[in-house]
Amino acid sequence: MRRTRPPRFGGLFAAVLVVALALTGWLLWSTLTLRREARERFFEQYNRQQLLLAQQAARTVEEVFGTFRSHLGLVTGLFDGTGVDRAAAGGAAGSLVRIYSNLQGTPIVGLAVLDRQGSAVATVPGDPHPPTPGPWWGEYEAWARRGDPGRLYVSPFLTGPGGHSGGEKTLVVAQGVYGNDGSLLGAAAFTLSFEELARQHVLSLRIGEHGYAWLVDSHEEVVLVDPRGAVSGQTFDEAFLPRWPRLHALLEGTRDGRPDTGWYDFTDPAEPAAAVRKLVGHAPVRVEGRLWTLGVCTPEREVEEMLSSLLRRQEILAGGALAAVLVSTALLSGLLLRWNRALVQEVAARTRDLSEARTRLEDTFDELLSARKLGAVGNLALGLTHEIRNPLSSIRMNVQMIRRKVPTNPQLQEHFGIVEAEILRLNRLLNDLMGIARPRSLRLEAVDPAALMERVLSLVQARLDANGVRIDRRLEGGGPSVVCDPEQIQQALLNLVLNAVEAMERGLGRRVLTVGARRVDATVALSVADTGVGIAPAERNKLFDPFFSTKAGGGGLGLSIVESIVRHHGGHVTVESEPGAGATFTVHLPIDGGGEGSSA
């Protein structure tokens with residue numbers, strides 16, 4: 001009797017084991033590949049945000065030097081045609097103090113007026129160590145004689161002997177005073193604390209826990225603010241070669257003046273004795289022929305920590321998938337798809353967060369720039385108004401007296417009328433400037449926004465009828481009242497309505513003025529829309545700048561006054577427009593009155 005051998009499952013078991021191991025290996029490879037791709041994508045997005053931050057900071061530094069240039073132009077204008085000496089400087093002392101006061105809060109620590117030999121004839125504030133002739137003055141003289149009168153000179157780095165510069169690293173920024181024959185009569189110079197400039201616009205840039213910014217002179221190959229976040233002065237070779245060759249090569253590459261992203265190895269801010277890889281985005285800063293480069297960097301370790309929760313979840317899912325492979329290969333595909341979807345969603349969510357952070361940062365920079373512009377116009381307006389208004393009144397009275405005493409001459413009387421009309425126009429312009437510079441206190445009361453809009457329409461009804469403008473009312477009557485100064489808000493809305501009518505007068509299509517008043521959360525939105533010529537995208541960001549106008553005869557203060565009034569109420573103005581499709585201006589006001597004024 002033959003004995004039956006038991007079936008041999010060794011081959012089948014081996015085949016199943018090989019399949020399981022192959023699937024496991026494939027899963028591990030796929031997991032590592034996806035993790036690497038997610039990591040690279042996240043790093044790329046993060047570096048792009050650093051580049052945007054570096055570009056915005058670079059523009060801010062360039063605007064700071066632009067402010068210095070414009071104020072030096074005001075100083076040199078005080079000496080045009082008069083020469084530069086102590087007598088002329090004494091006569092301009094009040095104006096020098098006002099110009100210097102406009103620069104409070106900036107890195108400027110002193111203003112000096114220098115004569116032909118480079119000696120200070122006036123300093124603001126009084127400085128026992130004013131700028132004196134030295135190596136920089138000889139270089140400046142040579143530069144000024146071959147340069148344009150309006151250009152700004154930036155000296156090499158100096159170390160102040162004392163006084164307001166306090167022994168810190170400084171720069172002198174200067175602009176020449178020239179005679180009618182083009183000869184150099186002297187110069188106006190600001191002493192600029194470079195260390196304060198670095199503290200305000202470079203060292204203040206922080207991203208993450210150990211991120212910071214640095215600044216280098218790409219032409220001179222000198223470190224200005226080093227990657228440890230301190231003011232330096234070493235050359236690229238001294239600071240980074242040969243220990244940090246990749247950082248040295250990156251800085252050498254900034255001489256082409258192009259923004260870029262990358263990485264380099266440098267000391268770890270958490271452990272100075274160790275090295276760490278850092279992600280960086282850098283942008284050029286161009287200051288009067290100089291090329292600086294500003295970089296924003298973050299240790300790669302810190303960026304990876306942001307992904308730690310995502311990576312831990314990935315590891316849990318991968319472990320579960322491996323266990324499922326050993327139990328049943330049929331579950332592998334489902335687990336892998338689930339993990340992949342989770343990974344994509346997490347990366348997308350993080351990308352949205354970074355995009356929102358970028359939007360908030362851009363809004364903050366726009367608001368800061370707008371506030372600086374309004375502040376500068378306000379300070380100049382207060383000084384100019386007092387200096388101009390009294391002479392205008394005297395001119396007008398003398399013209400009226402001459403007009404009464406001169407025999408009747410129609411042509412001469414017509415010229416006198418033109419002079420008086422221009423004087424009145426200048427007075428109105430000064431009043432508008434005073435309104436921006438020193439807005440009056442708010443007289444708050446609760447008003448019906450729909451009724452307020454109707455009051456504005458009644459003021460311009462005759463002009464609307466004359467131009468064939470149809471009104472489309474979208475007013476929510478009987479809604480919540482808004483606490484505001486009705487006179488000021490009426491002025492702002494009247495400016496918007498008149499601008500809308502003028503825009504439609506320049507167009508050839510239908511003329512419809514749409515006005516609205518509605519509640520949006522805790523605010524009331526008052527809108528004025530037209531069917532006029534619209535606003536070009538390049539002009540939209542300049543609409544609220546003082547003296548900017550898209551109209552041939554416009555003064556450029558109407559929308560600045562509107563924004564000043566609305567901001568004083570704690571609100572804001574938005575604009576929507578496309579060329580040829582009209583424009584919509586919307587005033588957003590807090591319902592409970594968020595302004596700084598008090599009720600009358």
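How exposed is E502, in terms of relative accessible area? Select E502 and keep that in mind; the tour comes back with the answer.

**Before you click**

You are looking at a predicted model, in which local features need pLDDT of at least 70 and side-chain atom pairs count only at pLDDT 80 or more, while totals for chains, interfaces and linings use all residues. Residues are numbered from 1 along each chain as its sequence is written, and side-chain values use heavy atoms, with hydrogens and water left out.

**Stop 1: E502, R463 and E505**

E502 is partly exposed, at a relative accessible area of 21%. The scale here is: buried under 20% relative accessible area, exposed over 50%, partly exposed in between, with a 1.4 Å probe and protein chains only. Now add R463 to your selection: E502 forms a salt bridge with R463, and the closest N and O atoms are 3.9 Å apart. A salt bridge here is a side-chain nitrogen of Lys or Arg within 4 Å of a carboxyl oxygen of Asp or Glu. E502 sits in helix α14 (residues 486–505) and R463 in helix α13 (residues 461–466), so this pair ties together parts that are 39 residues apart in sequence. Helices (H or I, at least four residues) and strands (E, at least two) are DSSP runs, numbered from the N terminus.

R463 itself is partly exposed, with 31% relative accessible area. Next, pick E505, whose side chain meets that of R463 in a salt bridge with an N to O distance of 3.5 Å. This pair also links distant parts of the chain, with E505 in helix α14 and R463 in helix α13, 42 residues apart. E505 counts as partly exposed, at 30% relative accessibility.

**Stop 2: E221, E252 and R255**

The whole structure holds 13 salt bridges. For another group, select E221, E252 and R255, which are linked in a salt-bridge network. Within this network, R255 and E252 have their closest N and O atoms 3.0 Å apart. Are these two residues buried or exposed? E252 counts as buried at 18% relative accessibility, while R255 is partly exposed at 45%.

**Stop 3: the five-stranded sheet**

Switch to a cartoon view and find the open sheet of five strands, ordered β8-β7-β11-β10-β9 with antiparallel pairing. At its edges stand β8 (222–225) and β9 (260–267), each with a single partner strand, so one side of each is left without a neighbour in the sheet. From one strand to the next, the twist averages 35°; axes are lines fitted to C-alpha atoms, for helices over the stretch in contact, and angles run from 0 to 180 degrees between N-to-C directions.

Colour strand β11 (residues 290–299) next: 10 of its 10 residues are buried. Both faces are covered, with R290, W292, L294, V296 and T298 on one side and L291, T293, G295, C297 and P299 on the other. Two strands count as paired if DSSP finds at least two bridges between them. Strand β10 (residues 275–287) pairs with β11 in the antiparallel sense over 10 bridges, and L279 has T298 as its bridge partner in β11. In the hairpin of β10 and β11, which has two residues between the strands, look for E288 and its positive phi near 50°.

On to strand β7 (residues 212–217), which pairs with β11 in the antiparallel sense over six bridges. Click D217: this residue stands opposite W292 in β11 and opposite V222 in β8. Three bridges join β7 to β8, among them the one between L215 and V225. The β7 and β8 hairpin has four residues between its strands, and E221 in the turn has a positive phi of about 55°.

**Stop 4: helix α7**

Finish with helix α7 (residues 245–252), which lies across β7, β9 and β10 and runs at about 145° to β9. Show its buried residues as sticks: L247, H248, L250, L251 and E252. What covers them includes β7, α6 (236–240), β9 and β10, where contact means heavy atoms within 4.5 Å.
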